[in-house]
Amino acid sequence: MTTQTLTANPPRESLADRLRKPPMLGLMLLVLMLGEKMLAHTYTVLTIYVIPAPWKYWVPGIIGLFGVWLVLRGMGRDEVKGSLLGYMGAVLIWMSWFESGLPVLAQFSQIPTFLPDEGNRMAGLMGEHVILQASGLFCVISLFFIMLNKDVRCRMLMWIRRRLGLEVVGKPTQGYRPNVARVAAFEYFYVTWFMYVLTLVLVDPRLLGLYHPVTYLCSGLIMLWGIYLVYKLTRQREVGLAIRYAIGAVGVLWFIPEILALYEVFYEFYLYVDRHPLVMALVLLAVIATLRILWKTPINPSTGRSA
C-alpha cells in the first residue's frame with residue numbers, strides 16, 4: 001500500500017476514539033461522574049443504615065485504605081491513568097472515612113441536630129453536618145493559602161488571584177509538572193468539601209433556611225455556575241486535563257439535584273437501591289464502561305498525555 005493510498009483512505013476512527021474527542025469527551029465524563037455520585041450515595045446509605053455493626057465500621061475502613069492505595073498507585077503514572085486513579089481513590093476515601101465516619105464521630109460527641117420548623121425536615125442539620133459546616137472555616141482559610149502557591153493550576157483559584165491583583169505571587173515554575181494523581185485526589189476533596197459546606201450554610205435553619213429569598217438567589221446562581229462549567233467541560237481536548245476539570249465541574253453541578261431534592265421536586269432514586277435495582281445496575285455499567293474507555297486512551301510517551 002502506497003503513502004498516497006494511506007493519505008486518501010485514513011484509518012477509520014473507532015467509537016472509543018470519537019468518544020475521547022470534544023464534545024463527547026466532556027459528555028462521557030459527565031456520565032461517569034454523575035454516575036459515581038449516585039453510586040456513592042447508594043454506598044453511604046448501605047454502610048450507615050443497612051450493614052450491621054461491627055461490619056459497618058470495618059467495611060468503610062478497609063475500602064478507604066483501598067482508596068489510599070489507588071492514589072499511591074497513580075503516583076508517577078501518565079496524565080490519564082494518574083488522574084483516574086487519584087480521582088477514584090479520593091472518592092473511596094471521602095465516602096468511606098468522611099461520609100461514613102462523621103456520623104460515628106457526631107454520635108460519640110453527642111452533637112445535637114437542628115431541624116427546620118416547617119417544610120422538608122431533610123433540610124435540617126444532623127450532627128455530622130454540624131461538624132462539616134464548622135469545618136468550612138478551615139476549608140476557606142486553607143484554600144486561601146493554597147491560592148498563594150504560584151504553581152497551583154486550579155482555574156478557579158487562578159481566576160480569583162487575577163481578580164485580586166495578586167501578581168506578587170509570581171509566575172508558575174517553567175517546566176513544572178505536578179503529580180496528577182495527587183492533584184486529582186486533592187481537587188476532589190476540596191471541591192466536595194467546599195460545595196458541601198456551601199450547601200449546609202444555605203439551608204441551615206438557624207441562618208437563612210431553605211425558603212429564604214437569598215437562598216433562592218444563591219441556589220439559582222450556583223446552578224448557572226454548574227451548567228456553565230459543564231459547557232466548558234465539553235470543550236476540553238486533552239483527556240487527562242478533562243478528567244481533572246470534570247471533577248470540579250460536576251462537583252458544582254451536583255448541587256442541582258441536591259438542592260432540588262431538598263425542595264422535594266427531585267426524587268433521589270439512588271438512595272433506594274432496593275426499589276430500583278435495575279436502574280442502579282445500569283448506572284454501574286455506564287460507570288464501568290466509561291472508565292474502561294478512558295483507561296484505554298492512547299498516550300504520547302514523550303509527554304505522558306493523551307495522543
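This passage describes aromatic ring pairs and charges over rings in a predicted model. Local features required pLDDT of at least 70 and side-chain atom pairs pLDDT 80 or more, whereas totals for chains, interfaces and linings use all residues. Residues are numbered from 1 along each chain as its sequence is written, and side-chain values use heavy atoms, without hydrogens and water.

A pair of aromatic rings is described by the distance of the centres and the angle of the planes. Rings of Phe, Tyr and Trp (its six-membered ring) were paired if their centres lay within 6.5 Å; planes under 30 degrees apart count as stacked, over 60 as edge-to-face and the rest as tilted. This rule gave 15 aromatic pairs. In one of them, Tyr87 and Tyr188 have ring centres 6.1 Å apart and planes at 70°, so the pair is edge-to-face. Tyr87 belongs to helix α5 (residues 79–99) and Tyr188 to helix α10 (residues 180–203), so the contact ties together parts 101 residues apart in sequence. Helices are DSSP runs (H or I, at least four residues), numbered from the N terminus. Tyr87 is buried (under 20% relative accessible area, 1.4 Å probe, protein chains only), at 2%. Tyr188 is also buried, at 3%.

The rings of Tyr190 and Trp193 have centres 5.3 Å apart and planes at 50°, so this pair is tilted. Both residues lie in helix α10, 3 residues apart, or about one helical turn. Tyr190 is buried at 15%, and Trp193 at 17%.

Ring pairs also link Trp254, Phe266, Phe269 and Tyr270 into a cluster.

A charge sits over a ring if NZ of Lys or CZ of Arg is within 6 Å of the ring centre and within 35 degrees of the ring normal. Lys81 lies over the face of Trp295, 5.3 Å from the ring centre. The charged end of Arg275 sits over the ring of Tyr272, at 4.3 Å from its centre.

Methods:
Helices (H or I, at least four residues) and strands (E, at least two) are DSSP runs, numbered from the N terminus. Buried means under 20% relative accessible area, exposed over 50%, partly exposed in between (1.4 Å probe, protein chains only).
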